[in-house]
Amino acid sequence: RAMALSAPAPAGVSPAAAALVLLMADPDTPIWLDAPAEAALPWILFHTGAPRVAAPGEAALALGRWDALMPLDAWAQGTPEYPDRSATLIVEVAALTGGPALALSGPGIRDSQAISPLLPAGAAAALAANAARFPLGVDLFLAAGAQVMGLPRSTRVAASAGPG
């Protein structure tokens, strides 16, 4: 389920994404930003001290739109000894409803949960491949306005014919 999470946001960043950055970033958290979020760099530096990196593989935290964050395996995946050394991606989406229906299952989800974030049609396959790498892979947060939804790498994702 989505929850409300909001912080005063700079241009190019939703209130939910801004709150996530404030919660997860610090001077030891290398962050990658896509083009719309780059305008927020001074705000991020002031509030968190997180250094900006240019290469996805160097980032512990990333903020951007779905297409800018693809492919998911370009980001730090962790290692078998240290799966926690993977990246967390904050994905800016237009809405957490209205997109292709996805069925979620896995730890913390009784049976299955239907969602329909506004993601491209190929997102289900990318998310399923990410979950198949578990315990490696990336963790994702979808941010839309003041709403946020978490998709940890342990969550199995499949395209669904049902409503989201």
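Reader: In this model, are Trp32 and Trp75 buried or exposed?

Author: The model is a predicted one. Burial is read from relative accessible area, and under 20% counts as buried. Both Trp32 and Trp75 are buried.

Reader: How many aromatic pairs are there?

Author: Two rings pair if their centres lie within 6.5 Å. The count comes to one aromatic pair. Its members are Trp32 and Trp75, with ring centres 5.1 Å apart and planes at 75°, so the pair is edge-to-face; the cut-off for that label is over 60 degrees.

Reader: Which parts of the chain does the pair link?

Author: Distant ones. Trp32 belongs to strand β2 (residues 31-33), while Trp75 lies in the loop between β3 (61-65) and β4 (88-92). The two are 43 residues apart in the chain.

Reader: What sits over the ring of Tyr82?

Author: The charged end of Arg85, 3.8 Å from the ring centre.

Reader: Why would one look for a nonpolar core at all?

Author: Because nonpolar side chains tend to be buried together in soluble globular proteins. In this model the largest nonpolar core has 29 residues. Trp75 is among those with the most contacts inside that core, along with Trp66, Leu89, Leu127 and Leu140.

Reader: Which elements each supply at least two residues of this core?

Author: They are β4, β5 (102-106), α3 (123-132), β7 (139-144) and β8 (147-151). Helix α3 gives the most, with four residues.

Reader: What is Leu89 in contact with, leaving aside neighbours within four places in sequence?

Author: A contact means heavy atoms within 4.5 Å. On that basis Leu89 touches Ala62, Leu69, Leu72, Trp75, Val138, Asp139, Leu140 and Phe141. There is also a second, separate core of 19 residues, which includes Ile31, Ile44, Leu61 and Val148.

Reader: How many helices and strands are there, and in what order do they run?

Author: The protein has three helices and nine strands. Read from the N terminus, the order is β-α-β-α-β-β-β-β-α-β-β-β.

Reader: What does the radius of gyration say about the whole chain?

Author: The value is compared with that of a compact globule. For 164 residues such a globule would have a radius near 15 Å, and the protein has 15 Å, which agrees. Along the principal axes, the C-alpha trace spans about 45 × 35 × 25 Å. Buried residues make up 45% of the chain. Of the contacts with a separation of 6 or more, 61% come from residues 24 or more positions apart.

Notes
Residues numbered from 1 in each chain as written. Predicted model: local features only at pLDDT ≥ 70, side-chain atom pairs only at ≥ 80, totals over all residues. Heavy atoms only, no water. Phe/Tyr/Trp six-rings, centres within 6.5 Å; stacked < 30°, edge-to-face > 60°. Buried < 20%, exposed > 50% of the residue type's maximum accessible area, 1.4 Å probe, protein only. Lys NZ or Arg CZ within 6 Å of the ring centre and 35° of its normal. Rg over C-alpha atoms; globule rule 2.2 N^0.38 Å. Core = buried A, V, L, I, M, F, W, Y, C linked by side-chain atoms within 4.5 Å.
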